[in-house]
Amino acid sequence: MNKIILRCFFLSVLIFITKSHARPISYAGGWTIMQMNDFNKHSFHFHFSPSIKYSIGYKSEFWRKKEWQFHGTQLNYLIKRINTSKSQTNFYLKNGLGIAFSDYKNFEKKIEPNFFSGLSFDWEDRRYFTSYENRINYNSSIDKFFVQKARVGYSPYIGKYGDLHTWFMLEIQHMPNVQDKMVFTPLLRLFKDDYLLETGLSNNNNFTFNFIKRF
Amino acid sequence: MKLFFYITFSILILMSNLTNAENKENTKDFFTISVNGLVCDFCARSIEKLFMKRESVLDIDVNLEKMLITVRLKKNKNLDNQTIKQIINDSGYDIVEINRE
């Protein structure tokens, strides 16, 4: 099951990459692909930003421990952005509504409505980065949880526009109702032009691989 | 011989003045924008994408260190301040100053 989901994600990403000649970022009229994999889940988010304040798109997830999937719509809202002469700070609200599907244990192809909501914050200048986000997930029987994660980052060099940019990061993920309550993941973030890649290995020996393409 | 010299000299001066005038015109075909929040290359791509959508824009240069964007325009084209402000806002940044000198 896990392998099938992963193959689908990679196939989707490849299809979109071959189509994407331009159109970046979270600007008004921009599209973005986000594909994330860690010890908890594999996720795929493809969204469009009608304005700088909103983005809306398709979100799918496969949660590894309880082997359930989410498919639905995610709406992201920029609550506040603070631009200064040295840094940028963002506050976001993220909501998702869709279906949860599971055939794990006695959930035989069970489908039910699923909702999640969360807040996120990030601050960065050209050398340091910090972020925090949380999420509460609700469906009637498949999985209910709260998860939060924080990151700190450091860039070993200050690159120019168009250079390959490198960041060392540490992510701490906290999920109160699971066995590994706190998971630490050192990460390497690389980005150039419209492509961003992250890779890391957590203290519970799971790989993290994230990919973002803006166009 | 003298006539040939005077004519040649006059043409050279005239051509030189024309070239200078053309260069002066070209040097006016750009402006710089100082913005706040320009810390990330990955995010700053939006500025390039939005400016390059405009028919009058030749190319742009982003200086992350100075938070400065240089926009070069095609010959005899212009971009008004209101449009520039809209592009910068749609990219997610705050404009500090537009300099056309």
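In the predicted model, the elements of chain A run α-β-β-β-β-β-β-β-β-β-β-β-β from the N terminus on. That order comprises one helix and 12 strands. Chain A has 215 residues, and 47% of them are buried. Its accessible surface is about 10,900 Å². Carbon and sulfur atoms account for 64% of that surface. Contacts in chain A were also sorted by separation along the sequence. Of those between residues at least 6 apart, 43% join residues at least 24 apart.

Chain B follows another order, α-β-α-β-β-α-β from its N terminus. Its secondary structure amounts to three helices and four strands. Buried residues form 36% of its 101 residues. About 6,300 Å² of chain B is exposed, with 54% supplied by carbon and sulfur atoms. Among chain B contacts with a separation of 6 or more, 60% are between residues 24 or more positions apart.

The buried nonpolar residues come next. In soluble globular proteins, nonpolar side chains tend to be buried together. The largest nonpolar core in this model has 33 residues. The residues with the most contacts inside this core are Ile33(B), Leu38(B), Phe51(B), Ile69(B), Val71(B) and Ile88(B). Both chains contribute elements to it. From chain A, strand E9 (165–174) and strand E10 (182–192) each supply at least two residues. From chain B, the elements that do so are strand E1 (30–36), helix H2 (41–52), strand E2 (57–63), strand E3 (68–73) and helix H3 (81–91). The largest share, five residues, comes from H2(B). A second, separate core has 11 residues, including Phe70(A), Phe107(A), Ile142(A) and Met175(A).

Leu38(B) illustrates the surroundings of one core residue. Apart from neighbours within four places in sequence, Leu38(B) contacts Ala44(B), Ile47(B), Val62(B), Asn63(B), Leu64(B), Met67(B), Leu68(B), Ile69(B) and Tyr93(B). Two of these partners, Ala44(B) and Ile47(B), are buried residues of H2(B).

Helix H2(B) has 12 residues. From its first C-alpha to its last, H2(B) reaches 16 Å, close to the 16 Å expected at 1.5 Å a residue. Nine of the 12 residues are buried, so H2(B) is largely enclosed by the rest of the structure. The buried set includes Phe42(B), Ala44(B), Ile47(B), Leu50(B) and Phe51(B). Asp41(B), Arg45(B), Ser46(B) and Lys49(B) are also buried.

Two cysteines of chain B were examined for a possible bond. The sulfur of Cys40(B) is 3.3 Å from the closest cysteine sulfur, which is in Cys43(B). A disulfide requires sulfur atoms within 2.5 Å. The Cys40(B) sulfur is therefore too far from that of Cys43(B) for a bond. The count of disulfides over all chains is zero. Cys40(B) is buried, at 7% relative accessibility. Cys43(B) is partly exposed, at 21%. The buried class covers values under 20%, so Cys43(B) falls outside it.

In chain A, His45(A) lies in strand E2 (residues 41–51). Its relative accessible area is 4%, so His45(A) counts as buried. Its side chain makes a polar contact of 3.3 Å with the side chain of Asn76(A). With neighbours within four places in sequence set aside, the contacts of His45(A) are Thr32(A), Ile33(A), Met34(A), Gly57(A), Tyr58(A), Lys59(A), Gln74(A) and Asn76(A).

Gly200(A) belongs to strand E11 (residues 195–201). Gly200(A) is also buried, at 9% relative accessibility. Beyond four places away in sequence, Gly200(A) touches Thr185(A), Pro186(A), Leu187(A), Asn206(A), Phe207(A) and Thr208(A). Phe168(A) is 32 residues from Gly200(A) in sequence. Their C-alpha atoms are 9.9 Å apart.

Two loop residues of chain A have notable backbone angles. Most residues other than glycine have a negative phi. Lys109(A) is not a glycine, yet its phi is positive, about 50°. Lys109(A) sits in the loop between strand E5 (88–102) and strand E6 (110–124). Asn205(A) likewise has a positive phi, near 60°. Asn205(A) is placed in the loop between E11 and strand E12 (207–214). Lys109(A) is exposed, with a relative accessible area of 64%. Asn205(A) is exposed too, at 63%.

Conventions
Residues numbered from 1 in each chain as written. Chains lettered and ligands numbered in written order. Predicted model: local features only at pLDDT ≥ 70, side-chain atom pairs only at ≥ 80, totals over all residues. Heavy atoms only, no water. Buried < 20%, exposed > 50% of the residue type's maximum accessible area, 1.4 Å probe, protein only. Polar contact = N/O pair within 3.5 Å; in protein donor to acceptor, adjacent residues only side chain to side chain. Contact = heavy atoms within 4.5 Å. Areas by Shrake-Rupley, 256 points an atom, 1.4 Å probe, with all protein chains shown as cover. Core = buried A, V, L, I, M, F, W, Y, C linked by side-chain atoms within 4.5 Å. Expected span 1.5 Å × (residues − 1).
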